[in-house]
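Biologist: Could you take one small part of this protein and walk me through it slowly? I'm new to this, so plain words, please.

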Amino acid sequence: MHIRFLTGRLDRLSGSGNYDGRLIEALAARGHRVSVVARTVAVPAAGMEWHALPVPDYAATPLWRLNLPLGLWQGGRAIRRLAGDAPDVAVASEHLFLRGHAARFPGVPWVYFPHSFTYPDEIARFSN
């Protein structure tokens with residue numbers, strides 16, 4: 001089965017990045033083909049093919065009010081340029097890629113995981 005992950009980052013710093021990386025490794029170990037679309041891949045997981053699609057963050061710029069609309073537009077645009085075949089299922093923790101992926105690959109079922117299961121824990125990881 002081809003499983004595509006749409007994630008913001010794969011690293012050991014963020015809860016979602018850590019969780020996604022471990023889930024990807026477990027699925028690849030079970031013989032699934034795993035492709036990853038990420039804004040940042042700091043620690044590639046074993047057994048995955050990945051596509052880095054950087055989407056700038058405008059939160060700390062004068063364009064901060066346009067951060068979400070620009071991110072959605074740029075994320076969708078990056079997905080439209082993505083090479084490759086349609087996956088059997090998409091698992092997403094990055095909302096900026098959802099709309100573009102659904103438009104490019106209609107009919108592909110997807111599951112959405114929020115960025116963090118426990119918000120205070122996620123903030124604490126970035127504060128240390």
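Modeller: Sure, let's start with Ser35, which is buried: its relative accessible area is 0%. Keep in mind that we're looking at a predicted model. The cut-off for calling a residue buried is under 20% relative accessible area, so Ser35, at 0%, counts as buried.

Where does Ser35 sit? It's part of strand S2, which covers residues 33-41. If you skip the residues up to four places away in sequence, Ser35 touches His2, Ile3, Arg4, Phe5 and Glu49. With Arg4 there's something extra: the two side chains make a polar contact at 3.2 Å.

Now hop over to Asp85, because two of those names, His2 and Arg4, turn up again among its contacts. Asp85 lies in the loop between helix H2 (67-80) and strand S4 (89-92). Leaving out neighbours within four places in sequence, it's in contact with His2, Arg4, Arg33 and Phe105. The side chains of Asp85 and Arg33 are joined by a polar contact, again of 3.2 Å. His2 is 83 residues from Asp85 in sequence, yet their C-alphas are 9.5 Å apart in space. As for cover, Asp85 is partly exposed, with 39% relative accessibility.

To place all this in the whole chain: there are four helices and five strands, running β-α-β-β-α-β-α-β-α from the N terminus. Of the 128 residues, 41% are buried, and Ser35 is one of the buried ones.

Definitions and conventions:
Residues numbered from 1 in each chain as written. Predicted model: local features only at pLDDT ≥ 70, side-chain atom pairs only at ≥ 80, totals over all residues. Heavy atoms only, no water. Helix = DSSP H or I, 4+ residues; strand = E, 2+ residues; numbered from the N terminus. Buried < 20%, exposed > 50% of the residue type's maximum accessible area, 1.4 Å probe, protein only. Polar contact = N/O pair within 3.5 Å; in protein donor to acceptor, adjacent residues only side chain to side chain. Contact = heavy atoms within 4.5 Å.
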